[in-house]
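Please open the structure in your viewer and keep the selection tool at hand. The tour goes from strands to helices and ends with the domains.

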Amino acid sequence: MTATLSQFNFMSPEVVEDPIQANAVARREAPVYQLPGTPIFMISTYDLIAEACAQPAVFSNDFSGALQGNAREDEQIKAVIATGWPQVNTLLTADPPVHTRFRKLVNLAFSPARVNKVEAHVEKIVDDLIDRFIDTGRCEFVKEFGVGLPLTVISDQLGAPRADIALFKQWSDAFADRLGGMLTRDQELACAHQVVAFQHYMKARLEERRESPKDDLLSDLVNARIEDERPLDTAELLSIVQQLLVAGNETTTNSLAAGVLYLIQNPAEEAKVRANPDLIKNMVEEVLRLETPTNSMWRVVKQDAVLGGVKIPAGSTALLRFGSGNRDESRFAQPDKFDVERRNVHMHLAFGRGIHSCVGAMLSRKEMQVAFRRILARMKNLRLGADNDLKHHTNLLLRGLKKLNIEFDKA
Ligand code: HEM
């Protein structure tokens, strides 16, 4: 029997875990679908997601207030926040013209030259992580590799000593949870404490870079200048750095783990990549398309709109389903297949579209490409280990495996 849309609760843990069939039904029956009893309009097809991304004045990224909900009015939370710097909207949660200015300045720091310089460093981090478990023939890949790579890269680039990496992980997790928009009041309070602790920590690193710049991303950010523009101030820099943690860590971790799982589950595709490592770049894009670590993203609808023939009133919330767009059969043939040679894979929406498209795309691609090159070179006969349920975190926006036990032979 053909499934119908009303069968699915898109907010339920079951659909968050396995959204493939529900998304396919949404694309077919109602590509713009108001979730029953909510002001949320879900947008599921490739073309309509791209259309919404192209209209930032209508589908706005000014959603930070909505995420905080009542927490903004809570006296205790306000008192905690007051001990830090104001939380200004800069990139992800800003609209033009504010967004335009910040994006220009941050683009300067994420230059191709900077990313290329990081490459040798990435390779060293990758090999160090693999060294820790290579002789055992097994690892829990998420914890022992996936988390460590982006976290070490970004904390090195932000001038934190390696001893403080655990702090960065804690902050990054707290900020990512908040992005899901489902925190209780107590969790919001805990998050406020984390934000302020992070701000004070990073403020000290910013001062160090102002006084003596180094060859790293944080120095580039502190010193970024565009003619006629004043440099970024402390609150702005803190906001940007906070977003780099939210946006860059979990997403890259999740792509790495998904990639290893796809290789294990698709031995013929793995054999192709082993035979021709030049395919790794394309394979990374295919992993991003199929897994779509930023599976959905919010927009606030600022004006009455019509999308795909459906009226969306001002004040509604839109949920862009990037993960669904990436499996849209009108764009990708056999969309659920893992095909390392897929020709049009670069069209995917895993890094978003339009003015907010991912500023860290080049960096995370580099991390993934180096990681898979070294994993394939150093580990053969990759296989699943014991005790895997292959379940994902229950997060509406960020998709990622909770754990992945693997076994392998040392190459
Ligand atoms: C596989 C890894 C990654 C994925 C899948 C990913 C995905 C995305 C997506 C879909 C967006 C667009 C959000 C929207 O339209 O509202 C985005 C924006 C962003 N990403 Fe990434 N990202 C990744 C890695 C990174 C890294 C490594 C960094 C930085 C170190 C980063 C920083 C950002 C920032 C700051 C934004 C906001 C840009 C803006 O609003 O102008 N991301 N990312």
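Two strands are said to pair if DSSP finds at least two bridges between them. With that in mind, and remembering that this is a predicted model, select strand S5, residues 297–301, together with S8, and you will have a pair that runs in the antiparallel sense over 4 bridges. To find one of these bridges, click on Met-297, whose partner in S8 is Leu-320.

Keep S8, residues 317–320, on the screen and add strand S2, residues 40–43, which pairs with S8 in the parallel sense, again over 4 bridges. Here you can pick out Met-42, which stands opposite Leu-319 in S8.

Next, move to another group of strands, S4, S10 and S9, which in that order form an open sheet of 3 strands with antiparallel pairing. Colour strand S4 (138–140) and strand S9 (379–384) to mark the edges of this sheet, where each of the two pairs on one side only. If you look along the sheet, neighbouring strands are turned by 25° against each other on average, with direction ignored. Now select S9 with strand S10, residues 405–410, and follow the 4 bridges that join these antiparallel strands; Arg-383 is a good place to stop, since the bridge partner of Arg-383 in S10 is Glu-407.

Leave the strands and select helix H13, residues 234–265, and helix H17, residues 361–378, whose axes come within 10 Å and cross at roughly 30°. Angles under 35 degrees count as roughly parallel, and H13 and H17 are therefore roughly parallel to each other. Their crossing is right-handed. To see where the helices touch, show the side chains of the contact, which include Gly-248, Thr-251 and Ser-255 of H13 and Glu-367, Met-368 and Phe-372 of H17. Colouring the residues of this contact by type gives 4 nonpolar, 6 polar and 1 charged.

Finally, zoom out and colour the protein chain by its division into domain 1, made of 1–60 and 295–349, and domain 2, made of 68–293 and 352–410. The C-alpha centres of the two domains lie 24 Å apart, and the contact between them takes 24 residues from domain 1 and 27 residues from domain 2. On the side of domain 1 that touches domain 2, select helix H1 (13–17), helix H3 (46–53) and helix H16 (322–325), the elements that give two or more residues to that side. The largest share, 3 residues, comes from H1. Taken by type, the residues on this side of domain 1 divide into 13 nonpolar, 7 polar and 4 charged.

Terms used: Residues are numbered from 1 along each chain as its sequence is written. This is a predicted model: local features need pLDDT of at least 70, side-chain atom pairs count only at pLDDT 80 or more; totals for chains, interfaces and linings use all residues. Axes are lines fitted to C-alpha atoms, for helices over the stretch in contact, and angles run from 0 to 180 degrees between N-to-C directions. Angles under 35 degrees count as roughly parallel, over 145 as roughly antiparallel, 65 to 115 as roughly perpendicular and the rest as oblique. A crossing is left-handed if the near helix is turned anticlockwise from the far one by less than a right angle, and right-handed if clockwise. Two residues are in contact if their C-beta atoms, placed from the backbone, lie within 7 Å. Ala, Val, Leu, Ile, Met, Phe, Trp, Tyr, Cys and Pro count as nonpolar, Asp, Glu, Lys and Arg as charged, and the others, Gly among them, as polar. Domain bounds come from an automatic or database domain assignment.
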